Amino acid sequence: MAAVSGGRMQERGVPARKLLRELQEASEDDLHFRDGKILGSMCTEPLPIARRAHAMFLEANLGNPGYYKGTWRLERETLRMLSNLLHGKNLGGFTVSGATEGNITALWMARNTTRRKEIVAAKTAHFSVRKAADLLGMRLVEIPHDDEYRLDVDALRKVVTKETAAVVAVAGTTELGQVDPIDAIGEMCLDQAFLHIDAAFGGFVLPFLVGAKVPPWDFRVAGVSSLVLDAHKMGMATIPASHLLVREAKHFERIAVESPYLTTVYQTSLLGTRSSAGVAAAYAAMRALGRDGYRTIVARCMKNTRLIVERAREAGLEPVIEPVMNIAAFPVRDVEGVQRALEKGGWRVSTSRNPPALRVVVMPHITARAASAFAEDLAAACRRLGA
């Protein structure tokens, strides 16, 4: 981050009209999902009802839940819906700001419960696992992935020891949308180590994929200890809205701290003040859509993903893997060159490092027309650059 320097706060308040003009100018400098050209983000335009719900709960702070019993009730109901969706029973949990906070909290809980200081994760795991290891004073053991960019179970078998506090597996990797073989990993971790699932992206996709042959990845797997998923991604809620669920709520006791001046005796969340607007937005999105609504959204995203892959294949571009979810990656020869060429046409895509590829995330704001136009521009850019 750059150093901040310059002016000071003015003595008198700025008139609302002038201030709104400043805010509008700043907003116009941002990219917006409604433009239909962002294919590099795992977030999307929230549902209108989620926006309204967010605005209704701006002052609520679930860090002090005794003052906000209605908001707390919404959080409990949201977690009950998610427990059912993820095949859990009597799960513990709460809303977090995002999967980064969820991953850190889960690993903190694993460390304090097992009294061990080793995390095992594949190199395809999210970088927040490295943050967690650093913050918690734990040692991260990174293992290889297999040919399909999933955690290598044979490699895992060789490194899990009595020093292992937790294994992290992913249901929807950030770069490729791949799902680790969680059923096999869970069998290995059962009664040996905590198994935490980062389902930040996949949590609101995998349950709604019709006809997909994805092995069990949630609380159906006996070895799964905890799981985090983001409602502010494919859940269609506002930011921040993510949820951490744990199989045994008693483990939260290991990270509890006394909070004597609040309305609860103990606090188990990493954050003190907790945004409640995202809680209401997630509740609203889930209630408004239901399973059928999410199935429709996921089906549309998958259809547009397949459209892009098919058009790319016609131009001689093969994806790194056959997309499991609404993410496709193409190992073009000049990744950054193609990315720049697409940006000149207004398209915003990202890149992956493992392997080097152009990464395309097909979220609900991408229409079939936009997907088709993007695929044509992608093929044209590759032809021009010989990529």
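These legends go with several views of a predicted protein model.

**View 1. The whole chain, with its helices and strands.**
Let's start with the big picture: the protein chain is built with 10 helices and 12 strands. Computed along the principal axes, its C-alpha atoms fill a box of roughly 65 × 65 × 45 Å. For 387 residues, a compact globule would have a radius of gyration near 21 Å, and the protein chain comes in at 22 Å, so the two agree.

**View 2. Inside and outside of the chain.**
Of the 387 residues in the protein chain, 53% are buried. On the outside, the protein chain exposes about 19400 Å², and carbon and sulfur atoms supply 50% of that area. Now for who touches whom: among contacts with a separation of 6 or more, 71% are between residues 24 or more positions apart.

**View 3. Charges across the chain.**
The protein chain carries 50 positive and 42 negative charges. Take the mean position of each set, and those two points turn out to be 4 Å apart.

**View 4. A close look at E118.**
Here we zoom in on E118, which sits in strand β2, residues 118-122. Is E118 buried or exposed? Its relative accessibility is 6%, and buried means under 20%, so E118 counts as buried.

**View 5. The company E118 keeps.**
The side chain of E118 makes a polar contact with the side chain of T164, at 3.0 Å. Setting aside neighbours within four places in sequence, E118 is also in contact with other residues, including M138, R139, V141, V159 and T161. E163, A165 and A166 are among its contacts too.

Note on methods: Residues numbered from 1 in each chain as written. Predicted model: local features only at pLDDT ≥ 70, side-chain atom pairs only at ≥ 80, totals over all residues. Heavy atoms only, no water. Helix = DSSP H or I, 4+ residues; strand = E, 2+ residues; numbered from the N terminus. Rg over C-alpha atoms; globule rule 2.2 N^0.38 Å. Buried < 20%, exposed > 50% of the residue type's maximum accessible area, 1.4 Å probe, protein only. Contact = heavy atoms within 4.5 Å. Areas by Shrake-Rupley, 256 points an atom, 1.4 Å probe, with all protein chains shown as cover. Lys, Arg positive; Asp, Glu negative; His and termini not counted. Charge placed at Lys NZ, Arg CZ, Asp CG, Glu CD. Polar contact = N/O pair within 3.5 Å; in protein donor to acceptor, adjacent residues only side chain to side chain.
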